[in-house]
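Let's walk through this model together, one helix and one sheet at a time. Have the structure open and turn it as you read.

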Amino acid sequence: MSPRPLMFFGTTNLDLCFNVERLPTPGESLMGSLKQNAGGKGANQAVAAARLGLRPSFYTRLGDDDAGRSLLQALREAGVRLDAIEVCPGEISGSALVLVGDDGSNMIVIDPGANANVTPSMVEKAAEFIERDAIVVAEMGMPVPALNHLFALKSVKEFDLIFNPAPVRAGLSPAAWISKGY
């Protein structure tokens with residue numbers, strides 16, 4: 001049996017990760033080492049599926065900047081299908097500053113960049129790439145109106161939804177929580 005089609009809707013960020021011995025206290029400066037990584041909840045989930053041998057589609061919104069080009073290349077190299085991805089001239093890509101202590105604790109600050117500009121009409125356009133009998137995975141990093149539109153498309157496009165509500169925000173449609181009745 002072949003796997004069902006899989007499509008992700010979510011965020012993509014350029015992560016600037018500082019590894020430090022411990023997390024700083026307010027006002028304190030620490031030395032650390034910096035690494036840049038492709039990240040974002042949606043991108044990480046799509047890449048994980050591709051690494052498992054699937055060919056997931058992904059909808060995200062990137063700026064037309066160096067970070068966006070780097071993120072697009074990382075997704076391509078991971079085996080993620082890029083047809084639905086929007087690259088937006090004049091916008092910056094999402095980014096995150098991540099501090100990671102040796103004990104695994106972390107602190108993260110996110111600038112959503114182009115991720116914050118996803119609209120219901122953009123989701124409608126990207127939904128053209130949802131294949132028949134697909135599983136759609138979405139996460140809370142996208143704007144609530146865009147997510148609510150995706151949830152409304154469940155019955156029209158007849159897909160199953162897996163939704164990660166982190167970080168929880170107000171305004172979600174009840175359709176986020178309604179399954180097909182398995």
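Just after helix α4, Glu158 takes a positive phi of about 55°; helices (H or I, at least four residues) and strands (E, at least two) are DSSP runs numbered from the N terminus. You are looking at a predicted model, in which local features need pLDDT of at least 70, side-chain atom pairs count only at pLDDT 80 or more, and totals for chains, interfaces and linings use all residues. Residues are numbered from 1 along each chain as its sequence is written, and side-chain values use heavy atoms, with hydrogens and water left out.

Stay with α4 for a moment. Its 14 residues reach 20 Å from first C-alpha to last, close to the 20 Å expected at 1.5 Å a residue, where the expected span is 1.5 Å times one less than the number of residues. Among its buried residues are Leu147, Leu150, Phe151 and Lys154; buried means under 20% relative accessible area, exposed over 50% and partly exposed in between, with a 1.4 Å probe and protein chains only. The cover over α4's buried residues includes β1, α3 (120-126), β9 and β10, with contact meaning heavy atoms within 4.5 Å.

Now follow the strands. β9 (residues 135-139) and β10 (residues 160-164) run parallel and are joined by five bridges, with Val136 partnered by Leu161 in β10. Between these two strands the chain passes through α4 (residues 144-157), and this β-α-β crossover is right-handed: with the strands pointing away from the viewer, the path from the first strand over the helix to the second runs clockwise. On β1 (residues 6-9), four bridges lead to β9, again in parallel, and Phe8 stands opposite Val137 in β9.

Together, four strands make an open, parallel sheet in the order β4-β1-β9-β10; two strands pair if DSSP finds at least two bridges between them. Because β4 and β10 stand at the edges with a single partner strand each, one side of each is left without a neighbour in the sheet.

Finally, turn to α2. At 1.5 Å a residue, its 13 residues (66-78) should span 18 Å, and the end C-alpha atoms are indeed 18 Å apart. Ala67, Gly68, Leu71, Leu72 and Leu75 are its buried residues. Seen down the axis they fall within an arc of 130°, so they line one face of the helix; the arc is that of the directions from the helix axis to the C-beta atoms. The face turned away from that buried side carries exposed Asp66 and Glu77. Just after α2, Gly79 takes a positive phi of about 95°.
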